[in-house]
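Here is a short note to read beside the model. Keep the structure open and find each residue as it comes up.

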Amino acid sequence: MYARRRVPRHGGATSHQSEAPGAPVRAYEPPYYVSVFTTVRTENQSGYSDTAALMEDLVKDVPGFLGMDHAQTPGGLGITVGYFRDADALTEWRSNAEHRAAQGRGRAEWYQSYTLHVAKVERSHGFTRAEDAGAREQTDQQA
């Protein structure tokens with residue numbers, strides 16, 4: 001399995017993308033929203049990578065976008081979780097014309113099946129083990 005972490009331009013974060021293993025998007029102060037997009041792809045992936053990269057760039061420009069996590073199994077199950085400050089940010093992303101065109105192409109060509117779940121986050125926390133031996137051994141974030 002590989003994972004990518006995507007961080008928004010907004011909110012003081014710097015842009016970062018890495019191939020696994022990566023760190024998850026940090027815990028934010030609730031409430032905020034998540035969209036969980038789970039997919040199984042078809043054999044035809046012509047143009048998918050370019051479109052996915054474009055969508056990744058476009059969503060970063062949505063005010064209220066907090067970040068994105070993505071993982072995919074070798075068998076083809078993909079999970080993308082987008083984090084948004086509020087419902088308005090989600091609505092803006094959902095109504096983006098280029099995103100809507102990509103959704104249509106996904107249904108027509110790239111996805112065997114998909115599900116989308118949207119939820120309001122009411123509790124959030126995280127953990128990061130310190131890398132520096134002189135630093136505190138662990139950091140627990142509670143938002």
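1. Start with Ser95. Ser95 sits in helix H2. The model is a predicted one, and every value here is computed from it. Is Ser95 buried, partly exposed or exposed? Its relative accessibility is 49%, so Ser95 counts as partly exposed; the exposed class begins only over 50%. The side chain of Ser95 also has a polar partner: one of its polar atoms lies 2.9 Å from the backbone oxygen of Thr91.

2. Now step back to the whole chain. The protein chain has 3 helices and 7 strands. Read from the N terminus, their order is β-β-α-β-β-α-α-β-β-β. Of the 143 residues, 34% are buried. The exposed surface comes to about 8,900 Å², and carbon and sulfur atoms supply 51% of that area.

3. Look at how contacts span the sequence. Take the contacts in the protein chain with a separation of 6 or more. Of these, 68% are between residues 24 or more positions apart. Tyr111 and Arg41 give a pair to look up: they are 70 residues apart in sequence, yet their C-alpha atoms are 4.2 Å apart in space.

4. Stay with Tyr111. Tyr111 belongs to strand E5. With 14% relative accessibility, Tyr111 counts as buried, because the limit for that class is under 20%. Which residues does Tyr111 touch, not counting those up to four places away in sequence? They are Phe37, Thr39, Val40, Arg41, Thr42, Tyr48 and Gly106. With Tyr48 there is also a polar contact between the two side chains, at 3.5 Å.

5. Thr39 is one of those partners of Tyr111. Thr39 lies in strand E2. Its relative accessible area is 6%, so Thr39 is buried. Leaving aside neighbours within four places in sequence, Thr39 is in contact with Gly76, Leu77, Gly78, Tyr111, Ser113 and Tyr114.

6. Gly76 leads to the hairpin of E3 and E4. The hairpin has 4 residues between its strands. Gly76 takes a positive phi there, near 105 degrees. Strand E3 covers residues 65-72, and strand E4 covers residues 77-84. In which sense do E3 and E4 pair? They pair in the antiparallel sense, over 7 bridges. To see the pairing on screen, find Ala71, which stands opposite Ile79 in E4. Strand E3 is mostly covered, with 8 of its 8 residues buried.

7. Thr80 is also in strand E4. Is Thr80 buried or exposed? At 16% relative accessibility, Thr80 counts as buried. Its side chain joins the side chain of His70 in a polar contact of 2.6 Å.

8. Finish with the largest pocket. Its volume is about 840 Å³. The lining has 35 residues. Phe37, Thr80, Trp93, His99 and Gln103 lie nearest the centre of this pocket. Which elements give two or more residues to the lining? They are strands E1 (2-6), E2 (32-41), E3, E4 and E5 (111-121), with helices H1 (48-59), H2 (87-95) and H3 (97-110). Two names return here: Thr80, from strand E4, and helix H2, which holds Ser95.

Methods:
Residues are numbered from 1 along each chain as its sequence is written. This is a predicted model: local features need pLDDT of at least 70, side-chain atom pairs count only at pLDDT 80 or more; totals for chains, interfaces and linings use all residues. Side-chain values use heavy atoms; hydrogens and water are left out. Buried means under 20% relative accessible area, exposed over 50%, partly exposed in between (1.4 Å probe, protein chains only). Two strands pair if DSSP finds at least two bridges between them. Contact means heavy atoms within 4.5 Å. Accessible areas come from the Shrake-Rupley method with a 1.4 Å probe; for residues, only the protein chains shown count as cover. A polar contact is a pair of N or O atoms within 3.5 Å; within protein, one must be able to donate a hydrogen and the other to accept it, and residues adjacent in sequence count only if both atoms are side-chain atoms. On a 1 Å grid over the protein atoms alone, a cavity is a set of points where a 1.4 Å probe fits but cannot get out, and a pocket is an open set with protein on both sides within 12 Å along at least five of seven lines; lining residues have an atom within 4 Å of a point. Grid points are joined across faces, edges and corners, and a volume is the space filled by probe spheres set on the points.
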